Amino acid sequence: MKRRSLDVVAVQKKTKTNLTTSHLSDAYYDHDCFKLARSLLGKKIVRKVNDRRLACKIVEVESYLANDDKSSHSYQHKKTKRNEAMFMKPGTLYVYLTYGMYHCMNISSKGDGDAVLIRAAEPMEGVDLMLQNRQRLSKSNKLFDKGVLCNGPSKLCQALDIGLKQNKLNLCNSSELWLEEFERIPEDTIVHTKRIGLNVKRVGEWAMKPLRFYILGNGFVSKKDYNAEKEMAVK
DNA sequence: CACTAGATTGAT
DNA sequence: TCAATCTAGTGA
């Protein structure tokens, strides 16, 4: 009896050690929503299913704020059953169902109710399995290629098989989903532009705010803003 | 309770 | 340009 409990402790210690070497830490996520959003670009999302490792590089994100941002689920810090994860500690995953059939994944940042939507990623590891997931979860009969695997928030969730089961998951200590350091993205190669899919009539000025960030020149972004890119070239 | 619109995707 | 598909949010 005594012997067995010691073994359990040993296993836990070993797991913890492994986690600290690869997982981005609590401290990493504890930054305001703008700063975290931009720093997420170039990081690697790692998903483990049935001992298979899937991974992709984050190339596009958006910030959603809890104050006056009418487009945010946490608008005016309103907490509901759906958006609870946005108010949990930085590094908590917020997954929600949209249009009755798709999922989107966000990461809670510092700031009560603020979160970052992961909009697109570049497939890196386990591409075959990601293709299978997409093929299985989408209704399409067509065969997908690598280019359209993760170039949208719900496509990404399909490719990584992320749904409501993963809502409220802690990215700092989960063995099924976490972030790793990967590539440093220089500030001057980050495009700042308005967010996608917002109803201007309903959201007002917040629909125009530059709260979408993506890696300049990356081919796995969901939608490029050539005007914003041109503006950058001038500077 | 009835009704509406949505942080999307894929087909026409 | 439009349908799929369903729930949170709103208002009676």
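1. Helix 5 gives the most to the surface near DNA strand B, contributing three residues. This is a predicted model, and the points below should be read as such.

2. The surroundings of DNA strand B come to 22 residues. Tyr102, Asn106, Ser140, Lys155 and Asn199 are the closest. Of the strand B atoms that come within 4 Å of the protein, sugar and phosphate account for 58%. By class, the surface near this strand has nine nonpolar, eight polar and five charged residues.

3. Some polar contacts to DNA strand B involve bases. A polar side-chain atom of Asn106 is 2.5 Å from a base nitrogen of DNA strand B. For Tyr96, an N or O atom in the side chain lies 3.1 Å from a base nitrogen of DNA strand B. Ser140 contacts the backbone of the DNA instead: an N or O atom of the Ser140 side chain is 2.7 Å from a phosphate oxygen of DNA strand B. Strand 4 (102–108), strand 5 (115–125) and helix 5 (153–159) are the elements that give two or more residues to this surface near DNA strand B.

4. Now DNA strand C. Lys78, Thr80, Arg82, Tyr99, Gly100, Met101 and Lys139 surround it. Sugar and phosphate make up 70% of the strand C atoms that come within 4 Å of the protein. The class count near DNA strand C is two nonpolar, two polar and three charged residues.

5. Which atoms of DNA strand C do Lys78 and Thr80 approach? Both approach a phosphate oxygen. The distance is 3.5 Å from a polar side-chain atom of Lys78. From an N or O atom in the Thr80 side chain it is 3.4 Å. Tyr99 approaches a base: a polar backbone atom of Tyr99 is 2.4 Å from a base oxygen of DNA strand C.

6. Aromatic pairs: the count is two. One of them joins Tyr28 and Tyr29, with ring centres 5.1 Å apart and 80° between the planes, an edge-to-face arrangement. Are these two tyrosines buried or exposed? Tyr28 counts as buried because its relative accessibility is 13%, under the 20% limit. Tyr29 is buried too, with a relative accessible area of 0%.

7. Charges over rings deserve a look as well. The charged end of Lys209 sits over the ring of Trp206, 4.6 Å from the ring centre. The charged end of Arg38 sits over the Phe213 ring, at 5.7 Å from its centre.

Definitions and conventions:
Residues numbered from 1 in each chain as written. Chains lettered and ligands numbered in written order. Heavy atoms only, no water. Near = heavy atom within 4 Å. Polar contact = N/O pair within 3.5 Å; in protein donor to acceptor, adjacent residues only side chain to side chain. Nonpolar A, V, L, I, M, F, W, Y, C, P; charged D, E, K, R; others polar. Helix = DSSP H or I, 4+ residues; strand = E, 2+ residues; numbered from the N terminus. Phe/Tyr/Trp six-rings, centres within 6.5 Å; stacked < 30°, edge-to-face > 60°. Buried < 20%, exposed > 50% of the residue type's maximum accessible area, 1.4 Å probe, protein only. Lys NZ or Arg CZ within 6 Å of the ring centre and 35° of its normal.
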